[in-house]
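Open the model in your viewer and show it as a cartoon. The tour begins with the whole chain and then moves to selections within it.

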Amino acid sequence: MENISKNLHPRNKFNKAYNIEQLAKNTPDLRKYVVQVDHDHLSIDFTQPEAVFHLNKALLKTTYGIKGWRVLPKSLVPTVPGRLNYIHYLADLLGGKTGRGVHILDIGTGSSIIYPILGVKEYGWLFTGSETHVPSLTNGNAILKDNPELAKSIRLRQQSNPKNILKGIILPKEYYDAIMC
């Protein structure tokens, strides 16, 4: 397999070409966006926004076992390899610490809760995700309901006042190793 991008972190699982056939098998909705590039290579029709969503859904399901991942309509679809880069670089800043002793605050976690998902799956960290947009929180909580193992490590909180970034989110006696947004 060839290297996809020299810009990905060395620990990024997606440094190699995707097994499109396996991804489409695990996420059948991806199949209609698969295109034959040449005799030996399959790809995705990246001109279709739905293809990007289904590819990332397939990556999460195939690599991490995530069920029922979704984003709100008209939301940006986070690319899993790119978001995983941020998690790996954050791990570098934290000296490679792993496990539940590391607690991260994700401000504006969004409807996909992508950073908490990847941080839990890659490093076993605990996450608190804050969000002002109630439908995004509802969607994030639905993802957690579909993935009870994630719900043990991720909690979501509503920031009711967008002018307050941390107030009301960081509770007394809470400590975070890092805050990301």
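Begin with the cartoon of the entire protein chain and trace it from the N terminus: the elements come in the order α-β-β-α-α-β-α-β-α-α-β-β. That makes six helices and six strands. Keep in mind throughout that this is a predicted model.

Stay with the whole chain for its dimensions. Along the principal axes, the C-alpha atoms fill a box of roughly 60 × 35 × 30 Å. The radius of gyration is 17 Å, which agrees with the value near 16 Å for a compact globule of 181 residues. Now switch on the surface. The accessible area is about 10000 Å², and carbon and sulfur atoms hold 55% of that area. Of the 181 residues, 45% count as buried. Among contacts with a separation of 6 or more, 62% join residues 24 or more positions apart.

Next, select residues 49-64, helix α2, together with residues 80-93, helix α3. Two packed helices are described by the angle between their axes and the distance between the axes. Here the angle is about 55 degrees and the axes lie 10 Å apart. The two helices are therefore oblique to each other. Show side chains where they meet: α2 contributes Asn 56, Leu 59, Leu 60 and Tyr 64, while α3 contributes Val 80, Pro 81 and Leu 84. Sorted by class, this contact has six nonpolar residues, one polar residue and no charged ones.

Move on to residues 114-123, helix α4. How many of its ten residues are buried? The count is nine, so the helix is mostly covered, buried here meaning under 20% relative accessible area. Color these buried positions: Ile 114, Tyr 115, Pro 116, Ile 117, Leu 118, Gly 119, Val 120, Glu 122 and Tyr 123. Then step to Gly 124, which follows α4 and has a positive phi near 70 degrees.

Finish at strand β6, residues 178-180, and pick Ala 178 within this strand. Is Ala 178 buried or exposed? Its relative accessibility is 12%, so Ala 178 counts as buried. Display what surrounds it: leaving aside neighbours within four places in sequence, Ala 178 is in contact with Leu 90, Leu 94, His 103, Ile 104 and Leu 105. As a last selection, draw a C-alpha to C-alpha distance from Ala 178 to Arg 100. These two residues are 78 residues apart in sequence and 13 Å apart in space.

Key. Residues numbered from 1 in each chain as written. Predicted model: local features only at pLDDT ≥ 70, side-chain atom pairs only at ≥ 80, totals over all residues. Heavy atoms only, no water. Axes fitted to C-alpha atoms, helices over the stretch in contact; angles between N-to-C directions. Helix = DSSP H or I, 4+ residues; strand = E, 2+ residues; numbered from the N terminus. Parallel < 35°, antiparallel > 145°, perpendicular 65-115°, else oblique. Contact = heavy atoms within 4.5 Å. Nonpolar A, V, L, I, M, F, W, Y, C, P; charged D, E, K, R; others polar. Rg over C-alpha atoms; globule rule 2.2 N^0.38 Å. Buried < 20%, exposed > 50% of the residue type's maximum accessible area, 1.4 Å probe, protein only. Areas by Shrake-Rupley, 256 points an atom, 1.4 Å probe, with all protein chains shown as cover.
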